[in-house]
Amino acid sequence: MKKVIVRRVCRLSNRVWLFGAVMSEQESLKSSSVRNRGGVQRVEGKLRASVERGDYYEAHQMYRTLFFRYMSQAKHAEARELMYNGALLFFSYNQQNSAADLSMLELESLEKSGAKVDDETLEHLAKLFSLMDPNSPERVAFVSRAIKWSSGGSGKLGHPKLHQLLALTLWKEQNYSESRYHFLHSSDGEGCAQMLVEYSSARGFHGEVDMFVAQAVLQFLCLKNKTSALVVFTTYTQKHPSIEKGPPYVQPLLNFLWFLLLAVDGGKLTVFTVLCEQYQPSLKRDPMYNEYLDRIGQLFFGVPPKQSSSYGGLLGKKPRYLCVNTGHDS
């Protein structure tokens, strides 16, 4: 009985100690910026000590209290720094729910403060994403909001740098399908190609080595990204162990892609038309190829669009977190 009482007294004293630290920090907010930073560091130290003792709930609540006080005083940068460091701390102790909550608060600060998109912030968001449980609903909500914020109101589906960082994380997790989707919205053709080599080797059939890169090249062209289309083709064909050095290549589909990339630079419709006719046997291997080529014909060769054409699905199935609450279309 005495031990129970002692533990309860200790927990109560810890809460009082943390509360006092928060109140002290609130007073320091009225001081100079140098003293503010010192106050933040002192409180972070006390919160860290609380987490290290296993007082997760109390520390989590104090982080939230500090966050809303910072926000009420327009201390957005301080709020974000505190939430980011707190989330990393909770992740290091496998406190997924608390860490995810602080991660969402960092996003809330970015959204409400109108913060500019920069590399450091994108790297922070990607780091938090990488530490979340891949199967958690919190991760789905987090990445959906992060992508939407990173678009900066441009109407585009997220910042290319963030997509690249997300793609790299998903690649490490061997979630190749979603990794490929994010690589398509980045500018990292080389990284995409290296992932596709691994994807093809690990999950594909030997006779499909050309189809893995064909889809990526055609989809990059549908996004008017000629540079990445060329890089992904060149890197993939050079590094895939089952592809002999070319051009020309043993696989007709690879020869078609090589000629297509040359034709895109020239922009001559007759060349494009003859090319598609000559390689129809290869293009019939996937019914999506001709749909991609309809779009490519419009973008690069002046082909008028078909009245019934809809190109929303040309980039493949969206990750589930991009199908809700993003407010954007691919």
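Me: Where is glutamine 174 found, and what makes the neighbouring segments helices?
Reply: Glutamine 174 is found in the loop between α8 (160-172) and α9 (176-184). Helices are DSSP runs of H or I with at least four residues, strands are runs of E with at least two, and both are numbered from the N terminus. This is a predicted model, in which local features need pLDDT of at least 70 and side-chain atom pairs count only at pLDDT 80 or more, while totals for chains, interfaces and linings use all residues. Residues are numbered from 1 along each chain as its sequence is written, and side-chain values use heavy atoms, with hydrogens and water left out.

Me: Why is glutamine 174 called partly exposed?
Reply: Buried means under 20% relative accessible area and exposed means over 50%, with partly exposed in between (1.4 Å probe, protein chains only). The relative accessible area of glutamine 174 is 45%, so the residue is partly exposed.

Me: What is notable about phi of glutamine 174?
Reply: Phi of glutamine 174 is near 60°, which is a positive value in a residue other than glycine. Alanine 74 also has phi near 60°, and is placed in the loop between α3 (56-72) and α4 (76-92).

Me: Which residues form the negative surface patch?
Reply: Asp118, Asp119, Glu120 and Glu123 form it. Patch residues have over 30% relative accessible area and no salt bridge; like charges are joined within 9 Å, nonpolar side chains (Val, Leu, Ile, Met, Phe, Trp, Tyr) within 5 Å. A salt bridge needs a side-chain nitrogen of Lys or Arg within 4 Å of a carboxyl oxygen of Asp or Glu. Asp and Glu count as negative, Lys and Arg as positive, and His and the chain ends are not counted. The place of a charge is NZ of Lys, CZ of Arg, CG of Asp or CD of Glu. Areas come from the Shrake-Rupley method with a 1.4 Å probe, and for residues only the protein chains shown count as cover. Glutamate 123, in helix α6 (residues 119-131), is partly exposed because its relative accessible area is 40%.

Me: What kind of peptide bond runs from glycine 246 to proline 247?
Reply: It is cis, with omega near 0°. Proline 247 lies in the loop between α12 (226-239) and α13 (252-266). The bond joining proline 247 and proline 248 is cis as well, with omega about -5°.

Me: How many helices and strands are in the chain?
Reply: There are 16 helices and 0 strands. Of the 330 residues, 46% count as buried.
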